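Subject: Handover of a structure and notes on its helix packing

Dear colleague,

Please find below the structure that I am handing over to you. My notes on it follow directly after.

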Amino acid sequence: CPSLPVRYPHVLHLRRGAQDQNRALIILTTINILFIYTHYFAWLIVLAQYLWVAFTERRHLRRITAAAAILVLSFVPWVGGVVYVSTRVPITIWDQASWNRPPSAHSVLLLLRCFNGGFESIGWTVAASAVFLLLVIVTLTRRDSVAAARTQDRQDGSDLKRLGLLAWLAVFPLIVSFAAAYAFTWKWMPRYVIVSIAPYLLLVSACAFRLRTPQARALAIAFLLGWVAIASLKDDLAETLHGPSAQSYWLAEDLSRAETRTEGPIPIYGLSPYAEQGLRLGLDITGERRFKTIACRVDVLLPDDYFWVALTEHDPLANARVKALASDPGYSLGEPIYRGASPQRHILIPVRQVIRKGINPQLR
């Protein structure tokens with residue numbers, strides 16, 4: 001697999017000779033810094049790299065430890081920024097991550113769709129997953145390659161070790177994130193482990209090229225190319241994850257039908273930041289212009305005679321504010337609109353002010 005190191009820098013560092021290992025480590029560290037600033041779950045890839053070196057490539061342990069220290073130091077400014085922002089908003093990262101039920105079998109199926117073509121059909125998804133898994137298992141358990149890996153006296157043994165690294169980088173973030181979400185009932189979605197897709201696709205492709213006979217290699221490569229071509233013509237997965245079927249879009253549709261006023265702007269106060277952001281995007285997509293979404297703290301005085309409040313079901317502060325409004329004789333709450341699956345439903349509630357409260361200067 002001569003192309004693997006070029007395409008995946010984590011393999012690059014372990015393969016290079018002593019004369020340019022420093023340069024390879026600098027490249028790896030730079031890419032990892034960009035990686036962790038792009039996606040929080042990239043830290044699982046970094047941890048997987050470190051554990052791989054610690055158990056299989058101990059001669060690189062000092063270098064990889066220094067690189068890990070640089071990563072941690074480089075991330076300190078972002079941690080400081082997150083801590084500062086968390087003191088300025090009513091909802092924290094912990095509130096966003098906490099959930100009251102573990103990921104389900106549906107989560108696993110959606111993950112398989114993300115990794116294997118995105119097809120809506122369960123049969124196609126399971127079949128593709130089985131074929132790709134079989135391809136990897138056959139390659140990694142070939143008797144001659146396993147023997148070569150033990151003796152390290154053939155190129156096949158070195159290649160098998162690199163394939164093992166790709167498999168580890170693909171599997172480790174999946175197992176750790178899913179197990180943690182299940183154990184602590186944290187929110188978990190397939191997009192969190194997008195960091196595993198690159199090593200997974202490289203692993204499947206490399207395994208196809210390592211099949212023993214030319215006929216088997218040609219068949220596997222043709223299958224992969226055909227599968228990619230068919231998957232590229234479908235748009236099921238993008239629609240499921242981010243498209244018009246998203247709860248914010250349908251909530252915007254429901255709001256447009258429920259609102260009887262024909263002229264705006266009608267304010268919508270986002271007591272939960274995530275609900276306000278999603279609804280704003282949903283209203284933009286639908287082309288609805290009567291409403292104006294406003295991000296605000298949960299403790300502000302809501303000054304309008306008529307408005308809506310947007311919140312998420314699992315936001316305790318926002319729910320407490322709605323209960324306070326409901327018990328306040330100065331406000332009258334209408335019938336709420338729900339979208340999504342409990343306990344993460346997005347909620348819209350119309351509110352009419354019965355007794356004039358005045359303008360709160362804290363409103364932003």
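How many helices and strands does the secondary structure of the protein chain come to? It comes to 16 helices and six strands. Please bear in mind throughout that this is a predicted model. Of the 364 residues in the protein chain, 42% are buried. Taking contacts between residues at least 6 apart in sequence, 72% of them join residues at least 24 apart.

The notes below take three helix pairs in turn, together with some individual residues.

**Helices α7 and α8**

Helix α7 covers residues 105–115 and helix α8 covers residues 122–140. The two pack with their axes 9 Å apart, at an angle of about 65°. Since angles of 65 to 115 degrees count as roughly perpendicular, α7 is therefore roughly perpendicular to α8. Their crossing is left-handed. On the α7 side the residues that meet α8 are L109, L112 and R113, and on the α8 side their counterparts are I122, T125 and S129. Sorted by class, this contact has three nonpolar, two polar and one charged residues.

Which residues of α7 are buried? They are S107, L110, L111, R113, C114 and F115. R113 thus appears both among the buried residues of α7 and among the residues that meet α8. Just after α7, G117 takes a positive phi of about 115°. For context, most residues other than glycine have a negative phi.

A residue of α8 that deserves separate mention is A128. Is A128 buried or exposed? Its relative accessible area is 0%, and buried means under 20%, so A128 is buried. Leaving aside residues up to four places away in sequence, A128 touches N116 and W227. N116 is 12 residues from A128 along the chain, and the C-alpha atoms of the two are separated by 6.3 Å.

**Helices α8 and α11**

Helix α8 also packs against helix α11, which spans residues 197–209. Their axes come within 9 Å and cross at roughly 60°, and the crossing is left-handed. From α8 the contact involves F132, L135, V136 and T139, which meet Y200, L203, V204, C207 and A208 of α11. What is the make-up of this contact by class? Its residues divide into eight nonpolar, one polar and no charged.

L202 lies in the helix α11 as well. With 13% relative accessibility, L202 counts as buried. The C-alpha atom of L202 is separated by 9.6 Å from that of A170, and the two residues are 32 apart along the chain.

**Helices α14 and α15**

Helix α14 is made of residues 247–258 and helix α15 of residues 273–286. The end C-alpha atoms of α14 are 16 Å apart, which agrees with the 16 Å that its 12 residues should span at 1.5 Å a residue.

How are α14 and α15 arranged? Their axes come within 8 Å and cross at roughly 65°, and the two helices are therefore roughly perpendicular to each other. The crossing in which α14 passes α15 is right-handed. α14 contributes S248, Y249, L251, A252, E253 and L255 to the contact, while α15 contributes G278, L279, G282, L283, I285 and T286. By class, that contact has seven nonpolar, four polar and one charged residues.

The buried residues in α14 are S248, Y249, L251, A252, D254 and L255. What covers them? The cover includes α15 together with the strands β1 (266–270), β2 (291–295), β3 (306–312), β5 (337–339) and β6 (346–353).

One backbone feature should be noted in the loop between α14 and β1, where P265 is found. The peptide bond from G264 to P265 is cis, with omega near 0°. By comparison, most peptide bonds are trans.

In brief, the notes cover the left-handed crossing of α7 and α8, the left-handed crossing of α8 and α11, and the right-handed crossing of α14 and α15. They also cover the positive phi of G117 and the cis peptide bond from G264 to P265.

With kind regards

Methods
Residues numbered from 1 in each chain as written. Predicted model: local features only at pLDDT ≥ 70, side-chain atom pairs only at ≥ 80, totals over all residues. Heavy atoms only, no water. Axes fitted to C-alpha atoms, helices over the stretch in contact; angles between N-to-C directions. Helix = DSSP H or I, 4+ residues; strand = E, 2+ residues; numbered from the N terminus. Parallel < 35°, antiparallel > 145°, perpendicular 65-115°, else oblique. Left-handed = near helix turned anticlockwise from the far one by under 90°. Contact = heavy atoms within 4.5 Å. Nonpolar A, V, L, I, M, F, W, Y, C, P; charged D, E, K, R; others polar. Buried < 20%, exposed > 50% of the residue type's maximum accessible area, 1.4 Å probe, protein only. Expected span 1.5 Å × (residues − 1).
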